Amino acid sequence: MSSNKEQIFQEKFIVPVHRTGRITILVAIVCLFFPGLYLYLFHGLAPTIGPLMKALIAVWSFMVVMGILEPIIYFPILGLGGTYMSFLVGNVLNLRVPVSATAQQVVGTKEGTAEAEVVSTLGIAGSLIASELVMIVGILLLIPFIKEINDSGGAMEVALNQVLPALFGALGGVFLFRVPKLGIVPLGLGFIIAGIGLALGVKIPSSIVIPPMVVLSILAAWIMYKKGWVKGEGMM
């Protein structure tokens, strides 16, 4: 790319993308607090410290590491505009990365070039529009079941209680199918802790179980990598 075209690309694409991306991310961060503030200010609802800390520890123990690593890992594929959009709406690994890679492959651009940056941005933008349309249709289809969803002890409540375990199981499955050896320590620890809980007749809180399991799993993966038992290419 000539210096003139590079300058035009920087001024007409990179600078506006940075400006728009930063603004939309900041607006999204502020908007995330609106539902909680609405429940507290207008209905007086607020979580007690115990369940709040339990939820925060469960989420932070997993998301802090991924929140730092994922933008670094996926930026070469997603590009600048794709990174802003992907981390604004989510589904990065299972949707945005494949969309970006496929779009660049179809067009025949080389990763890291200005052409790839534009193609990736357009591909991910198209996937966002399609995702939003699918979500709108899904929400409209669920409206007739609002009463069942809100019924305490109903079938829908039982099903929704399994959403988080299913989500973590699916995420774990993605990595364990790539490198099954990485599942030895976390799954082994999980079975041992569950067995101890059953033997004692108590339910061990996840806020106590998850943090040490995360630390030991990361330590075990690092040792396996250093010993050459697993290869780095398949771990991400």
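In which helix is the place of Gly 79? Keep that residue in mind while the whole chain is on screen, since the tour returns to it after a general look at this model, which is predicted.

**The whole chain**

Start with everything displayed as a cartoon, and you should find that the secondary structure consists of ten helices and zero strands, so that the order read along the sequence is α-α-α-α-α-α-α-α-α-α. The protein is more spread out than a compact globule, because its radius of gyration is 22 Å, well over the 18 Å that the globule rule gives for 236 residues. If you orient the view along the principal axes, the C-alpha atoms fill a box of roughly 70 × 55 × 30 Å.

Next, switch on a surface: about 16500 Å² is exposed by the protein, and 75% of that area is supplied by carbon and sulfur atoms. Buried residues account for 21% of the 236 residues. Colouring by charge will bring up 14 positive and 11 negative side chains, with the centres of the two sets lying 9 Å apart. Among the contacts with a separation of 6 or more, 62% are made by residues that are 24 or more positions apart, and two glycines visited below offer examples of residues to inspect for their neighbours.

**The annotated spans**

Now select the segments that UniProt, in an unreviewed entry, lists under "transmembrane region", namely residues 23-43, 55-77, 124-146, 158-177, 183-201 and 208-225. Two of them deserve a separate selection. Residues 124-146 are 87% helix and 0% strand, and a distance drawn between the end C-alpha atoms of this span comes to 32 Å. Residues 183-201 are 89% helix and 0% strand, with the end C-alpha atoms 26 Å apart.

**Along helix α3**

Select residues 49-89, which form helix α3, and you will have answered the opening question, for this is the helix that holds Gly 79. Gly 79 has a relative accessibility of 8% and therefore counts as buried, the cut-off being under 20%. Show the atoms around Gly 79 and, leaving aside residues up to four places away in sequence, you will see that it touches Glu 117 and Ser 120. Ala 116 is also worth labelling here, because a C-alpha to C-alpha line from Gly 79 to Ala 116 spans 7.8 Å although the two are 37 residues apart in sequence.

Move on to Gly 82, which is also placed in helix α3. Is Gly 82 buried or exposed? With a relative accessibility of 0%, Gly 82 counts as buried. Thr 121 and Ile 124 are the residues that Gly 82 touches, again not counting residues up to four places away in sequence. For a long view from the same starting point, draw a line to Phe 191, which is 109 residues away along the chain and whose C-alpha atom is separated from that of Gly 82 by 40 Å.

Val 64 is another residue of helix α3 to select. Val 64 counts as partly exposed, at 46% relative accessibility. The C-alpha atoms of Val 64 and Leu 128 are separated by 25 Å, the two residues being 64 apart along the chain.

**Two loops**

Leave the helix and select Asn 91, which lies in the loop between α3 and α4, the latter covering residues 92-107. What should a backbone torsion display show for phi of Asn 91? The angle is near 55 degrees, a positive value in a residue other than glycine. Asn 91 is partly exposed, with a relative accessible area of 44%.

Finish at Lys 203, in the loop between α9 (184-200) and α10 (206-227). At 82% relative accessibility, Lys 203 counts as exposed, where the cut-off is over 50%. As a last distance, connect the C-alpha atoms of Lys 203 and Ile 193, which are ten residues apart in sequence and 9.9 Å apart in space.

Notes:
Residues numbered from 1 in each chain as written. Predicted model: local features only at pLDDT ≥ 70, side-chain atom pairs only at ≥ 80, totals over all residues. Heavy atoms only, no water. UniProt positions renumbered as here; feature names shortened; annotations may be inferred. Helix = DSSP H or I, 4+ residues; strand = E, 2+ residues; numbered from the N terminus. Rg over C-alpha atoms; globule rule 2.2 N^0.38 Å. Buried < 20%, exposed > 50% of the residue type's maximum accessible area, 1.4 Å probe, protein only. Contact = heavy atoms within 4.5 Å. Areas by Shrake-Rupley, 256 points an atom, 1.4 Å probe, with all protein chains shown as cover. Lys, Arg positive; Asp, Glu negative; His and termini not counted. Charge placed at Lys NZ, Arg CZ, Asp CG, Glu CD.
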